[in-house]
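Welcome, and take a moment to look at the structure before reading on. The notes below pick out a few places worth finding.

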Amino acid sequence: MPGGRLTQQERQQIALGVADGLAYAEIARRLDRPTSTVTREVMRNGGPTAYRADLAHRATERRAHRRRQSTPRGSQAPAQADGRDAEAVREYEEAWTTLLMQQGLPKMMSRVLTCLYTSDAGSLTASELVQRLEVSPASVSKAITFLESQGLIRRERDERRRERYIVDDDVWYQGMIASAQSNAQLAETARQGVSILGPDTPAATRLENIARFVDFVAESMTRAAEQARDILSTKPETTSGSTTEPSSVTAPDPSA
């Protein structure tokens, strides 16, 4: 795949593709770019309903200018203290943020959550988030309030009485269970239509099949989440000279 930043002409082609309702994968194929590049470009610049090529191009130039100002002339972006490639980390954080936005999370909330996920401690203070994201304290406060209301983070005070915001690994388990419960409600509603529309009608048959399918998926999700829950708190086991192998978890039996 070709590297380098998107050109203004490529952004115009993306804008035309979005306006025509093309899938990101199709736009990417026409540009000979990875689908993730097109997805990230659109989501970080207003989303599919507000993407404009000229505004996106200017925004990218401003971000690049800020990065050049923060990097000494004649040198590349410095490696982080832990030896990580700062540019690679930044691009990875952008990919995570884009993914969360695709799942329906607002942009600032996605940025804060990504920042917490990618910090080794899994927790940061408000001032640390402000510094890392280069946003106002009010923006961080609003994002934290939203994320906490959704059960995606929790807060606690450290030894210096500062509030720290923490990503709880168990939130993935809770999210899977909530999704399964939502599917169960969908199945119940579909079955209500069977009796109303008549059990021998094509519409009722369709709804009953939907209910059976959703029931099966919800039950499978619940079993899998229960069986795999311990993975969220398992530390990789490493030995000298060997590679890490994931813990084995028994997969749910679909016929059960």
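Thr125 is in contact with Arg162, Glu163, Arg164 and Tyr165, once its neighbours within four places in sequence are left aside. You will find Thr125 in strand 1, which covers residues 123–125. Is Thr125 buried or exposed? Its relative accessible area is 3%, and buried means under 20%, so Thr125 counts as buried. Please keep in mind that this is a predicted model.

Now step back to the whole chain. It holds 10 helices and three strands. Read from the N terminus on, the order of elements is α-α-α-α-α-α-β-α-α-β-β-α-α. The chain has 256 residues, and 30% of them count as buried. Among the contacts with a separation of 6 or more, 53% are between residues 24 or more positions apart.

Next, go to the start of that order of elements, where helix 1 (residues 8–19) packs with helix 2 (residues 24–31). Two packed helices are described by the angle between their axes and the distance between the axes. Here the angle is about 145° and the axes are 10 Å apart. The crossing of helix 1 and helix 2 is right-handed. Which residues meet there? From helix 1 come Glu10, Gln13, Ile14, Gly17 and Val18, and from helix 2 come Tyr24, Ile27 and Leu31. Sorted by class, this contact has five nonpolar residues, two polar ones and one charged one.

The aromatic rings make another good stop. How many aromatic pairs does a search of the whole structure find? The search finds two. In one pair, that of Trp96 and Tyr117, the planes of the rings are at 35°, so the pair is tilted. Trp96 and Tyr117 are 21 residues apart, and their pair links distant parts of the chain. Ring pairs also bring in Trp172, making a cluster of Trp96, Tyr117 and Trp172. As for Tyr117 itself, this residue is partly exposed, with a relative accessible area of 24%.

Arg229 and Tyr173 give one more ring to look for: Arg229 lies over the face of Tyr173. The table sets out the two distances that involve rings.

| Residues | What the distance joins | Distance |
|---|---|---|
| Trp96 and Tyr117 | centres of the two rings | 5.4 Å |
| Arg229 and Tyr173 | Arg229 and the ring centre of Tyr173 | 3.8 Å |

To place the tilted pair in the chain, look for Trp96 in helix 5 (residues 86–102) and Tyr117 in helix 6 (residues 107–117).

Conventions. Residues numbered from 1 in each chain as written. Predicted model: local features only at pLDDT ≥ 70, side-chain atom pairs only at ≥ 80, totals over all residues. Heavy atoms only, no water. Axes fitted to C-alpha atoms, helices over the stretch in contact; angles between N-to-C directions. Helix = DSSP H or I, 4+ residues; strand = E, 2+ residues; numbered from the N terminus. Left-handed = near helix turned anticlockwise from the far one by under 90°. Contact = heavy atoms within 4.5 Å. Nonpolar A, V, L, I, M, F, W, Y, C, P; charged D, E, K, R; others polar. Buried < 20%, exposed > 50% of the residue type's maximum accessible area, 1.4 Å probe, protein only. Phe/Tyr/Trp six-rings, centres within 6.5 Å; stacked < 30°, edge-to-face > 60°. Lys NZ or Arg CZ within 6 Å of the ring centre and 35° of its normal.
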